[in-house]
Amino acid sequence: MTTFTNTRGVKYGEISLVCGPGVATMYNTTSMNNPENPGVPNPNTPDSVPLAAWNKSSQDSLAKDYSVPSVLKNGPRFWVSDTLKLPVGPTLNFSGIYARWFAYPAYPPGISKIFGNPKGAYKQTTIQRDSVIGFNAGTKIFVLVDPNNNPYVMQAGSSQFDTSETIQSLEQPDFASKLHLPSGWQYKVITITKPLTIQAIDGKATVTTDYLANTYDSCTSPSSAACSYNPLTGQ
C-alpha cells in the first residue's frame, strides 16, 4: 500500500494493457518521470506525463511491444483529490514513459475506440483495486448526479479532449454545458466542510466517465459505504 499526498492538480497518464473484454492491467505515471531520474518514484513530481515522451508512442505500437491485443492510453490527466492510498506494483517502461501498476480495470468491449465518446460516457465500469481517495475539508469537489440522485465524485480530470481543462475550469458556471449530460443528470460543484473519503468495497470500485473523459467514483455502488458521507446532503 502506498499513500500519495498533495495530489490535487498533479498531472499523470495511464496506460492499460487490454487482453480482452473485462481483462486489463493498468499502469499509472504518478510520481514517475521526474527529469532528474525518470525511472525512480519522486513524490514531488507535479507533471509525471511529459508530453514529448507521452506522444512518442501510439496505442498500436505499445500493443506490439507488449504482445497484447490492444492498449489504452488515457491522458494527460490531473488528480482532483488531495490524497490517494492504494497498492502499487512493478514499473514498466513504455517507450520512455515510466509507469507503475495501479489496478485491474474491467473495461467494456472496444474501450480503446469508445473512450471519451458519448457511447462510452455515463456508464458504470467496475475496477478491481484497494483504494482510498481523500478530499480535504474546505476544498471544492465536482459531482455528477444521476436521475436517481446517486452522486459520483470526480477523482481525476482530463485534458485529453479539452486541452484547456484545469481544476479552475471545472468550477466555472458554464462547465456543465460542455458535458452533454444525459436527461436527468446534473453536474454540481460543492465546497465540503469536512473531509470526504471514497474507498473501494471488497476490492472493487465503481466508476463512470463524462463526455470529456473526466472520471468519477460512485458513492453508492457497490455499497453506500463507498463514501464516508453523502456529499449531496452532508450526512
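**Group meeting talk: a walk through one predicted structure**

Let me begin with a single contact, in which a polar atom of the Thr29 side chain lies 2.9 Å from the backbone nitrogen of Gly13. Before I go further, please keep in mind that what we are looking at is a predicted model, and that I will speak of it with that in mind.

Thr29 is a good place to start, so to speak, and we can ask where it sits along the chain. Thr29 is found in the loop that runs between strand 3 and helix 1. Is Thr29 buried or exposed? Its relative accessible area is 0%, and because anything under 20% counts as buried, Thr29 is a buried residue. If we leave aside residues up to four places away in sequence, Thr29 touches Tyr12 and Gly13, then Ser48 and Val49, and finally Ile97, Tyr98 and Ala99.

From here we can step across to Leu92, which belongs to strand 6, residues 91–94. Leu92 and Thr29 are 63 residues apart along the chain, and yet their C-alpha atoms are separated by 9.8 Å. Leu92 has a relative accessible area of 22%, so it is classed as partly exposed. Again leaving out residues up to four places away in sequence, the residues that Leu92 touches are Leu17, Tyr27, Tyr66, Ile97, Tyr98 and Ala99. You may remember that Ile97, Tyr98 and Ala99 were also on the list for Thr29.

Let me now step back to the whole protein. It has four helices and 15 strands, and its C-alpha trace spans about 45 × 35 × 35 Å along the principal axes. How does the radius of gyration agree with that of a compact globule? For 235 residues such a globule would have a value near 18 Å, and the protein has 17 Å, which agrees. Of those 235 residues, 49% are buried. If we take the contacts between residues at least 6 apart in sequence, 75% of them join residues that are at least 24 apart. The accessible surface comes to about 10700 Å², and carbon and sulfur atoms account for 50% of that area.

Next, the strands. One open sheet is built from four strands in the order 1-5-9-13, and the pairing is antiparallel. Strand 1, residues 2–5, and strand 13, residues 196–199, stand at the edges, and because each has a single partner strand, one side of each is left without a neighbour in the sheet. From one strand to the next, the twist averages 10°. Within this sheet, strand 5 (residues 83–86) and strand 9 (residues 132–135) are joined by three bridges in the antiparallel sense, and there you can find Leu84 standing opposite Ile133.

Strand 15, residues 215–218, deserves a separate look. Both of its faces are covered, with Thr215 and Asp217 buried on one side, and Tyr216 and Ser218 buried on the other. Strand 11, residues 151–158, pairs with strand 15 in the antiparallel sense over four bridges, and in that pairing Tyr152 stands opposite Ser218. Strand 14, residues 204–209, also runs antiparallel to strand 15, with three bridges between them, and here Thr209 faces Thr215. Strands 14 and 15 form a hairpin with five residues between them, and in the turn Ala213 has a positive phi of about 75°.

That brings me to the backbone angles. Most residues other than glycine have a negative phi, and most peptide bonds are trans. Two serines depart from the first of these habits. Ser31 has a positive phi of about 75° although it is not a glycine, and it lies in the loop between strand 3 (23–28) and helix 1 (51–54). Ser67 likewise has a positive phi, in this case about 55°, and its place is in the loop between helix 2 (59–65) and strand 4. Which of the two words, buried or exposed, fits Ser31, and which fits Ser67? Ser31 has a relative accessibility of 7% and therefore counts as buried, whereas Ser67, at 67%, counts as exposed.

As for the peptide bonds, the one that joins Gly75 and Pro76 is cis, with omega about 0°. Pro76 itself is in strand 4, residues 70–79.

To close where we opened, I would ask you to find Thr29 in the model once more, buried in its loop, with its side chain in polar contact with the backbone nitrogen of Gly13.

Note on methods: Residues are numbered from 1 along each chain as its sequence is written. This is a predicted model: local features need pLDDT of at least 70, side-chain atom pairs count only at pLDDT 80 or more; totals for chains, interfaces and linings use all residues. Side-chain values use heavy atoms; hydrogens and water are left out. Helices (H or I, at least four residues) and strands (E, at least two) are DSSP runs, numbered from the N terminus. Buried means under 20% relative accessible area, exposed over 50%, partly exposed in between (1.4 Å probe, protein chains only). Two strands pair if DSSP finds at least two bridges between them. Axes are lines fitted to C-alpha atoms, for helices over the stretch in contact, and angles run from 0 to 180 degrees between N-to-C directions. The radius of gyration is taken over C-alpha atoms; the globule rule is 2.2 Å times the number of residues to the power 0.38. Contact means heavy atoms within 4.5 Å. Accessible areas come from the Shrake-Rupley method with a 1.4 Å probe; for residues, only the protein chains shown count as cover. A polar contact is a pair of N or O atoms within 3.5 Å; within protein, one must be able to donate a hydrogen and the other to accept it, and residues adjacent in sequence count only if both atoms are side-chain atoms.
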